[in-house]
Amino acid sequence: MAMELDEARSPARVVIADCNAGRRTALRAIVERFDPQAVIDEATSGQALCDILLQKRPSLAFVGLQLEDLSGPEAVAVARRAGAEPPCLVLVATRVLAHWQDIAQSLGAYEVLKTPLDPGHIEQLLHADARRRTPTRALLACSSPAGRTAISRVVARSGFAIQLEETNCGRHALSQLKLGAYDFAFIDVKLGGIEGMELACQIQPLGLPTRITLLTTSELEPIAQAGRYFGVDAVLRMPFYARDIDLALHNALGLRRPYLLNALTAPPAPSALLRIADLPNARRKIA
(Lines give C-alpha, C1' and ligand atoms only; values in the text may rest on other atoms or scores of the structure.)
Protein backbone atom coordinates (compact mmCIF):
# COMPACT_ATOMS: atom_id res chain seq x y z
CA MET A 1 0.00 0.00 0.00
CA ALA A 2 1.02 3.60 -0.50
CA MET A 3 0.88 4.08 3.26
CA GLU A 4 1.54 1.39 5.82
CA LEU A 5 -1.47 1.01 8.08
CA ASP A 6 0.43 0.54 11.34
CA GLU A 7 2.44 3.71 10.73
CA ALA A 8 -0.47 5.85 9.55
CA ARG A 9 -3.18 5.10 12.05
CA SER A 10 -3.71 7.05 15.24
CA PRO A 11 -4.89 5.40 18.47
CA ALA A 12 -8.51 4.30 18.28
CA ARG A 13 -11.20 6.09 20.26
CA VAL A 14 -13.82 3.49 21.15
CA VAL A 15 -17.06 3.45 23.13
CA ILE A 16 -18.48 0.20 24.55
CA ALA A 17 -22.13 0.56 25.59
CA ASP A 18 -23.70 -2.51 27.16
CA CYS A 19 -25.53 -3.42 30.38
CA ASN A 20 -23.61 -6.67 30.58
CA ALA A 21 -20.39 -6.13 32.53
CA GLY A 22 -18.88 -9.34 31.22
CA ARG A 23 -19.33 -8.30 27.60
CA ARG A 24 -17.88 -4.85 28.30
CA THR A 25 -14.83 -6.43 29.92
CA ALA A 26 -14.37 -8.91 27.08
CA LEU A 27 -14.67 -6.21 24.40
CA ARG A 28 -12.27 -3.91 26.28
CA ALA A 29 -9.67 -6.68 26.52
CA ILE A 30 -9.85 -7.40 22.77
CA VAL A 31 -9.61 -3.71 21.86
CA GLU A 32 -6.63 -3.14 24.19
CA ARG A 33 -4.84 -6.21 22.84
CA PHE A 34 -5.31 -4.91 19.27
CA ASP A 35 -4.39 -1.31 20.13
CA PRO A 36 -2.80 -0.79 23.59
CA GLN A 37 -3.02 2.99 23.07
CA ALA A 38 -6.78 2.95 22.39
CA VAL A 39 -8.91 5.42 24.32
CA ILE A 40 -11.95 3.49 25.59
CA ASP A 41 -15.12 4.83 27.21
CA GLU A 42 -17.83 2.60 28.67
CA ALA A 43 -21.54 3.29 29.11
CA THR A 44 -24.46 1.38 30.62
CA SER A 45 -27.19 3.94 29.88
CA GLY A 46 -28.50 5.55 26.73
CA GLN A 47 -27.88 9.01 28.15
CA ALA A 48 -24.24 8.20 28.88
CA LEU A 49 -23.82 6.81 25.37
CA CYS A 50 -25.36 9.96 23.85
CA ASP A 51 -23.00 12.14 25.87
CA ILE A 52 -19.95 10.14 24.77
CA LEU A 53 -21.01 10.19 21.10
CA LEU A 54 -21.56 13.95 21.21
CA GLN A 55 -18.58 14.97 23.35
CA LYS A 56 -15.86 12.37 22.69
CA ARG A 57 -16.59 11.70 18.98
CA PRO A 58 -15.42 8.05 18.97
CA SER A 59 -14.55 6.45 15.65
CA LEU A 60 -15.88 3.03 16.72
CA ALA A 61 -18.92 2.15 18.85
CA PHE A 62 -19.93 -1.26 20.17
CA VAL A 63 -23.58 -0.85 21.21
CA GLY A 64 -25.72 -3.47 22.95
CA LEU A 65 -29.41 -3.93 22.28
CA GLN A 66 -30.68 -2.90 25.72
CA LEU A 67 -29.24 -0.19 27.97
CA GLU A 68 -30.56 1.00 31.34
CA ASP A 69 -32.97 3.61 29.99
CA LEU A 70 -33.11 3.33 26.19
CA SER A 71 -32.34 0.66 23.67
CA GLY A 72 -28.88 1.00 22.16
CA PRO A 73 -30.21 1.84 18.67
CA GLU A 74 -32.55 4.47 20.15
CA ALA A 75 -29.66 6.13 21.96
CA VAL A 76 -27.58 6.21 18.76
CA ALA A 77 -30.51 7.73 16.86
CA VAL A 78 -30.99 10.40 19.53
CA ALA A 79 -27.30 11.30 19.46
CA ARG A 80 -27.27 11.55 15.69
CA ARG A 81 -30.29 13.88 15.71
CA ALA A 82 -28.39 16.03 18.20
CA GLY A 83 -25.45 16.32 15.81
CA ALA A 84 -23.18 13.38 16.62
CA GLU A 85 -21.12 12.23 13.67
CA PRO A 86 -21.87 8.58 12.86
CA PRO A 87 -19.01 6.36 14.06
CA CYS A 88 -18.22 2.90 12.76
CA LEU A 89 -21.25 1.36 14.50
CA VAL A 90 -21.26 -2.29 15.60
CA LEU A 91 -24.50 -3.50 17.19
CA VAL A 92 -24.23 -6.37 19.68
CA ALA A 93 -27.14 -8.79 20.19
CA THR A 94 -27.78 -12.20 21.71
CA ARG A 95 -29.97 -13.03 18.71
CA VAL A 96 -30.10 -11.56 15.22
CA LEU A 97 -33.71 -11.19 14.10
CA ALA A 98 -35.14 -10.10 10.76
CA HIS A 99 -36.04 -6.59 11.96
CA TRP A 100 -32.39 -5.98 12.91
CA GLN A 101 -31.66 -5.56 9.21
CA ASP A 102 -33.95 -2.53 9.01
CA ILE A 103 -32.59 -1.13 12.28
CA ALA A 104 -28.98 -1.59 11.20
CA GLN A 105 -29.58 -0.02 7.79
CA SER A 106 -31.46 2.96 9.26
CA LEU A 107 -28.50 3.68 11.57
CA GLY A 108 -25.84 2.99 8.96
CA ALA A 109 -24.40 0.20 11.10
CA TYR A 110 -21.26 -1.48 9.85
CA GLU A 111 -21.95 -4.86 11.45
CA VAL A 112 -24.09 -6.79 13.92
CA LEU A 113 -22.19 -9.05 16.34
CA LYS A 114 -23.98 -12.09 17.67
CA THR A 115 -22.99 -13.35 21.13
CA PRO A 116 -21.01 -15.25 22.29
CA LEU A 117 -18.36 -12.86 21.00
CA ASP A 118 -15.77 -14.09 18.50
CA PRO A 119 -12.42 -12.36 19.19
CA GLY A 120 -11.21 -12.98 15.63
CA HIS A 121 -14.31 -11.34 14.20
CA ILE A 122 -13.91 -8.34 16.51
CA GLU A 123 -10.25 -7.94 15.56
CA GLN A 124 -11.32 -7.78 11.90
CA LEU A 125 -13.68 -4.94 12.81
CA LEU A 126 -10.91 -3.14 14.68
CA HIS A 127 -8.67 -3.49 11.66
CA ALA A 128 -11.46 -2.09 9.48
CA ASP A 129 -11.86 0.88 11.83
CA ALA A 130 -8.12 1.59 11.64
CA ARG A 131 -8.32 1.37 7.84
CA ARG A 132 -11.27 3.77 7.80
CA ARG A 133 -9.12 6.36 9.55
CA THR A 134 -6.14 5.96 7.21
CA PRO A 135 -5.89 8.52 4.36
CA THR A 136 -6.31 6.66 1.07
CA ARG A 137 -5.88 7.71 -2.56
CA ALA A 138 -7.88 5.99 -5.29
CA LEU A 139 -8.40 6.35 -9.03
CA LEU A 140 -11.69 5.77 -10.85
CA ALA A 141 -11.26 5.46 -14.62
CA CYS A 142 -14.66 4.73 -16.17
CA SER A 143 -16.22 5.66 -19.52
CA SER A 144 -19.77 5.56 -18.11
CA PRO A 145 -20.98 8.70 -16.27
CA ALA A 146 -23.58 6.56 -14.47
CA GLY A 147 -20.89 4.11 -13.39
CA ARG A 148 -18.66 6.90 -12.08
CA THR A 149 -21.59 8.44 -10.19
CA ALA A 150 -22.59 5.12 -8.59
CA ILE A 151 -19.06 4.29 -7.45
CA SER A 152 -18.25 7.79 -6.19
CA ARG A 153 -21.52 7.84 -4.20
CA VAL A 154 -20.71 4.56 -2.43
CA VAL A 155 -17.14 5.69 -1.74
CA ALA A 156 -18.38 9.01 -0.32
CA ARG A 157 -20.71 7.33 2.19
CA SER A 158 -18.40 4.41 3.00
CA GLY A 159 -16.84 6.02 6.07
CA PHE A 160 -13.32 5.50 4.71
CA ALA A 161 -10.98 8.48 4.29
CA ILE A 162 -10.71 8.10 0.51
CA GLN A 163 -9.60 10.81 -1.90
CA LEU A 164 -11.12 9.63 -5.18
CA GLU A 165 -9.84 11.02 -8.48
CA GLU A 166 -11.92 10.42 -11.62
CA THR A 167 -11.26 10.26 -15.35
CA ASN A 168 -12.93 8.83 -18.46
CA CYS A 169 -9.69 8.67 -20.49
CA GLY A 170 -7.36 5.68 -20.54
CA ARG A 171 -4.27 7.72 -21.41
CA HIS A 172 -4.94 10.13 -18.56
CA ALA A 173 -5.47 7.18 -16.20
CA LEU A 174 -2.15 5.68 -17.28
CA SER A 175 -0.23 8.90 -16.67
CA GLN A 176 -1.92 9.35 -13.28
CA LEU A 177 -1.10 5.81 -12.19
CA LYS A 178 2.54 6.30 -13.18
CA LEU A 179 2.76 9.55 -11.21
CA GLY A 180 0.51 8.95 -8.23
CA ALA A 181 0.76 6.61 -5.26
CA TYR A 182 -2.76 5.15 -5.41
CA ASP A 183 -3.88 2.48 -2.97
CA PHE A 184 -6.40 1.11 -5.45
CA ALA A 185 -7.99 1.84 -8.83
CA PHE A 186 -11.26 0.91 -10.54
CA ILE A 187 -10.57 0.73 -14.29
CA ASP A 188 -13.14 0.27 -17.06
CA VAL A 189 -12.17 -2.39 -19.59
CA LYS A 190 -13.64 -0.24 -22.40
CA LEU A 191 -11.88 3.03 -21.63
CA GLY A 192 -11.29 5.45 -24.46
CA GLY A 193 -7.69 6.02 -25.56
CA ILE A 194 -6.26 2.93 -23.90
CA GLU A 195 -8.54 0.07 -22.93
CA GLY A 196 -8.45 -1.14 -19.37
CA MET A 197 -6.72 -4.46 -20.06
CA GLU A 198 -3.96 -2.76 -22.06
CA LEU A 199 -3.59 -0.21 -19.27
CA ALA A 200 -3.17 -3.00 -16.73
CA CYS A 201 -0.62 -4.65 -19.03
CA GLN A 202 1.42 -1.44 -19.29
CA ILE A 203 1.54 -0.71 -15.57
CA GLN A 204 2.15 -4.31 -14.47
CA PRO A 205 5.96 -4.20 -15.07
CA LEU A 206 6.19 -1.03 -12.95
CA GLY A 207 5.44 -2.96 -9.76
CA LEU A 208 3.02 -0.37 -8.44
CA PRO A 209 1.32 -1.08 -5.08
CA THR A 210 -2.08 -0.16 -6.58
CA ARG A 211 -4.74 -2.89 -6.38
CA ILE A 212 -6.60 -2.97 -9.70
CA THR A 213 -10.30 -3.80 -10.08
CA LEU A 214 -11.47 -4.02 -13.69
CA LEU A 215 -15.02 -2.92 -14.61
CA THR A 216 -16.81 -4.77 -17.41
CA THR A 217 -20.24 -5.42 -18.90
CA SER A 218 -19.08 -8.84 -20.12
CA GLU A 219 -18.87 -12.21 -18.38
CA LEU A 220 -16.53 -12.04 -15.43
CA GLU A 221 -14.40 -15.17 -15.70
CA PRO A 222 -12.84 -14.60 -19.17
CA ILE A 223 -11.86 -11.06 -18.14
CA ALA A 224 -10.52 -12.32 -14.82
CA GLN A 225 -8.54 -15.12 -16.47
CA ALA A 226 -6.87 -12.58 -18.78
CA GLY A 227 -6.39 -10.00 -16.03
CA ARG A 228 -4.65 -12.44 -13.69
CA TYR A 229 -1.51 -12.17 -15.85
CA PHE A 230 -1.40 -8.38 -15.53
CA GLY A 231 -1.64 -8.04 -11.77
CA VAL A 232 -5.40 -7.42 -11.68
CA ASP A 233 -6.93 -8.08 -8.26
CA ALA A 234 -10.65 -8.41 -9.12
CA VAL A 235 -13.32 -7.86 -11.78
CA LEU A 236 -16.65 -6.09 -11.18
CA ARG A 237 -19.56 -6.44 -13.60
CA MET A 238 -21.61 -3.38 -14.65
CA PRO A 239 -24.35 -2.35 -14.13
CA PHE A 240 -24.05 -3.01 -10.41
CA TYR A 241 -25.87 -2.51 -7.14
CA ALA A 242 -24.43 -0.47 -4.27
CA ARG A 243 -23.74 -3.74 -2.42
CA ASP A 244 -21.52 -4.92 -5.30
CA ILE A 245 -19.48 -1.70 -5.20
CA ASP A 246 -19.23 -2.01 -1.43
CA LEU A 247 -17.84 -5.53 -1.78
CA ALA A 248 -15.35 -4.36 -4.41
CA LEU A 249 -14.28 -1.43 -2.22
CA HIS A 250 -13.60 -3.66 0.79
CA ASN A 251 -11.72 -6.13 -1.38
CA ALA A 252 -9.60 -3.30 -2.81
CA LEU A 253 -8.80 -2.18 0.74
CA GLY A 254 -7.87 -5.71 1.77
CA LEU A 255 -10.79 -6.02 4.17
CA ARG A 256 -13.49 -8.60 4.80
CA ARG A 257 -16.86 -6.90 4.40
CA PRO A 258 -19.07 -7.94 7.33
CA TYR A 259 -22.31 -9.51 6.18
CA LEU A 260 -23.28 -11.45 9.29
CA LEU A 261 -26.62 -9.67 9.42
CA ASN A 262 -27.52 -10.46 5.82
CA ALA A 263 -26.21 -14.00 6.13
CA LEU A 264 -28.49 -14.73 9.08
CA THR A 265 -31.65 -13.04 7.80
CA ALA A 266 -31.70 -13.54 4.03
CA PRO A 267 -30.53 -16.02 1.38
CA PRO A 268 -27.07 -15.17 0.05
CA ALA A 269 -27.26 -12.87 -2.98
CA PRO A 270 -25.12 -13.55 -6.06
CA SER A 271 -22.19 -11.19 -6.34
CA ALA A 272 -21.10 -9.18 -9.37
CA LEU A 273 -17.53 -9.27 -8.03
CA LEU A 274 -15.01 -11.96 -8.94
CA ARG A 275 -11.68 -11.91 -7.13
CA ILE A 276 -8.70 -13.26 -9.05
CA ALA A 277 -7.71 -15.22 -5.92
CA ASP A 278 -11.00 -17.13 -6.19
CA LEU A 279 -10.44 -18.34 -9.74
CA PRO A 280 -9.97 -22.07 -10.21
CA ASN A 281 -6.41 -23.04 -11.04
CA ALA A 282 -6.07 -22.48 -14.78
CA ARG A 283 -3.65 -25.41 -15.08
CA ARG A 284 -6.02 -27.88 -13.50
CA LYS A 285 -7.45 -30.32 -16.04
CA ILE A 286 -10.72 -32.16 -15.67
CA ALA A 287 -10.42 -35.81 -16.71
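**How do α2 and α6 lie relative to each other?** In this predicted model, the two helices are oblique to each other. Helix α2 covers residues 21–34 and helix α6 residues 119–132, and they pack at an angle of about 55°. Their axes are 10 Å apart, and the crossing is right-handed. On the α2 side, the contact is made by Leu 27, Ile 30, Val 31, Arg 33 and Phe 34. Pro 119, Ile 122, Glu 123, Leu 126 and His 127 meet them from α6.

**Close-up of Gln 124, a residue of helix α6.** Should you look for Gln 124 among the buried, the exposed or the partly exposed residues? With a relative accessibility of 38%, Gln 124 counts as partly exposed. For a sense of distance, try Ala 38: 86 residues separate Gln 124 from Ala 38 along the chain, and their C-alpha atoms are 16 Å apart.

**Close-up of the largest nonpolar core, a set of 44 residues.** Seven residues have the most contacts inside this core: Val 14, Phe 62, Ile 151, Phe 184, Phe 186, Leu 215 and Phe 240. Which helix gives the most to the core? That is α11, residues 242–252, with five residues. A second, separate core holds 25 residues, among them Leu 177, Leu 191, Ile 223 and Val 235.

**Close-up of Val 14 and its partners.** Setting aside neighbours within four places in sequence, Val 14 is in contact with Val 31, Val 39, Ile 40 and Asp 41, and also with Pro 58, Leu 60 and Phe 62. Two names here may look familiar: Val 31 also takes part in the contact between α2 and α6, and Phe 62 is listed with Val 14 among the residues with the most contacts in the largest core.

**Close-up of helices α7 and α11 where they cross.** The axes of α7 (residues 145–156) and α11 come within 10 Å and cross at roughly 65°. The crossing is right-handed. Ala 150, Ile 151 and Val 154 of α7 meet Ala 242, Ile 245 and Asp 246 of α11.

**Close-up of helix α3 and its buried side.** Helix α3 runs over residues 46–55, and its buried residues are Gly 46, Leu 49, Cys 50, Ile 52 and Leu 53. These residues cover an arc of only 165° around the axis, so they sit on the same side of α3. What do they pack against? Their partners are β1 (13–17), β2, β3 (60–64) and α4 (72–81). After α3 comes Arg 57, with a positive phi near 55°.

**Close-up of Glu 42 in strand β2, residues 39–43.** Glu 42 is partly exposed, at a relative accessible area of 33%. Not counting residues up to four places away in sequence, Glu 42 touches Ile 16, Arg 24, Arg 28 and Ile 52. Ile 52 lies ten residues from Glu 42 along the chain, and 8.7 Å separates their C-alpha atoms.

**Close-up of helix α5, with a buried and an exposed face.** In α5 (residues 99–107), Trp 100, Ala 104 and Leu 107 are buried. Why do they line one face? Seen down the axis of α5, these buried residues fall within an arc of 70°, so they share one face of the helix. The face turned away from them carries the exposed residues Asp 102, Gln 105 and Ser 106. Gly 108 follows α5, and its phi is positive, near 70°.

Notes:
Residues numbered from 1 in each chain as written. Predicted model: local features only at pLDDT ≥ 70, side-chain atom pairs only at ≥ 80, totals over all residues. Heavy atoms only, no water. Core = buried A, V, L, I, M, F, W, Y, C linked by side-chain atoms within 4.5 Å. Buried < 20%, exposed > 50% of the residue type's maximum accessible area, 1.4 Å probe, protein only. Helix = DSSP H or I, 4+ residues; strand = E, 2+ residues; numbered from the N terminus. Contact = heavy atoms within 4.5 Å. Arc of directions from axis to C-beta. Axes fitted to C-alpha atoms, helices over the stretch in contact; angles between N-to-C directions. Parallel < 35°, antiparallel > 145°, perpendicular 65-115°, else oblique. Left-handed = near helix turned anticlockwise from the far one by under 90°.
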